[in-house]
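User: I'm new to this structure and would like a close look at just one part of it. Could you walk me through it in plain words?

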Amino acid sequence: MEAAEASKPHPGSAHIRSFVHRRSHITPRQQVALDELLPKWSVTYRPALLNLEQAFGRSAPTVLEIGFGMGETTEKIALARPQDNFLGVEVFNAGVGALLQRIETSQLQNIRIIQHDAVEVARDMIAPDSLAGVHIYFPDPWPKLRHHKRRLVQPAFIQLLASRIKPGGYIHCATDWENYAEQMLAVLGGEPSLVNTCEGYAPRPDFRPQTKFETRGLRLGHGVWDLIFKRRA
């Protein structure tokens, strides 16, 4: 879709979701964080453009992080880059509760959370040419061939995200599934408004911390692939 068309909310349109709501364990502390802290640090989804300066209480480059899991990486990056804002999107209660705890413990002021489907958030709430970057770290690989259609990194979604990034802004993806890395490289490389910052895959940038899970995988010989593309100026 064209950027102008992408900026219009389409509340009734459907898309294949990259997540499935499953019963997941949530700790009492995470539930308390949800009950007490969600109103303080979250933004409610609505099909209207979000005023980022108002949401964060300041004007600063804003990075959209899609699927932040338990928030470990988000917390570390936000601490290391206090000059930037981070808008985290996650659907699962346990992860949202965990990140809310981290925000309070680390006294972070530069994170906001939207608990909603990332495709609808990007489509309906993010203005074109407004983001400094997008992080998509270790999304669900949906390894079975018949489930590949559920993978988040698809041409239509990358086209949408690219339209939301400022010229010169970036999309950074990481995965530990080689087949998904190949798909990411093909999809990102096929988006004409983006250019690869490397020949193929990128070295892990210093600002993306290596998680415990990733460290264990690398020790066992598993690969991890980073991709960093920038929007053409």
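How many of the 11 residues of strand E5 (residues 165-175) are buried, and what does that say about the strand's place in the structure?

Analyst: A quick word first: this is a predicted model. The pLDDT averages 91 over the chain, and 90% of the residues score at least 70. One stretch to treat with care is residues 1-12, where the pLDDT is below 50; in the model that stretch still has 19 contacts beyond near neighbours in sequence.

Now to your strand. In E5, 8 of the 11 residues are buried, so the rest of the structure largely encloses this strand.

Who are its partners? Let's take strand E4 (residues 131-137) to begin with: E4 and E5 run in the parallel sense and are joined over 6 bridges. If you want a spot to look at, find Tyr170 in E5, with Gly133 standing opposite. You can also trace how the chain gets from one strand to the other: E4, helix H7 (residues 155-164) and E5 together form a right-handed β-α-β unit.

Then there's strand E7 (residues 225-231). E5 pairs with E7 too, over 6 bridges, but here the sense is antiparallel. A handy marker for this pairing is His172, which sits opposite Ile228 in E7. As a general aid while you look, side chains in a regular strand alternate between the two faces of the sheet.

His172 and Ile228 also lead us to a loop. Pro205 lies in the loop between strand E6 (194-196) and helix H9 (212-219). Leaving out residues up to four places away in sequence, Pro205 touches His172, Asp226 and Ile228. So that loop residue contacts both members of the His172 and Ile228 pair. In sequence, Pro205 and His172 are 33 residues apart, while their C-alpha atoms are 9.6 Å apart in space. Is Pro205 buried or exposed? The cut-off for buried is under 20% relative accessible area, and Pro205 has 14% relative accessibility, so this residue counts as buried.

To pull it together: E5 is largely enclosed, with E4 as a parallel partner and E7 as an antiparallel one. At His172, Pro205 from the loop between E6 and H9 makes contact as well.

Key
Residues are numbered from 1 along each chain as its sequence is written. This is a predicted model: local features need pLDDT of at least 70, side-chain atom pairs count only at pLDDT 80 or more; totals for chains, interfaces and linings use all residues. Side-chain values use heavy atoms; hydrogens and water are left out. pLDDT is the predictor's confidence in each residue, from 0 to 100. Contact means heavy atoms within 4.5 Å. Buried means under 20% relative accessible area, exposed over 50%, partly exposed in between (1.4 Å probe, protein chains only). Helices (H or I, at least four residues) and strands (E, at least two) are DSSP runs, numbered from the N terminus. Two strands pair if DSSP finds at least two bridges between them. A crossover is right-handed if, with the strands pointing away from the viewer, the path from the first strand over the helix to the second runs clockwise.
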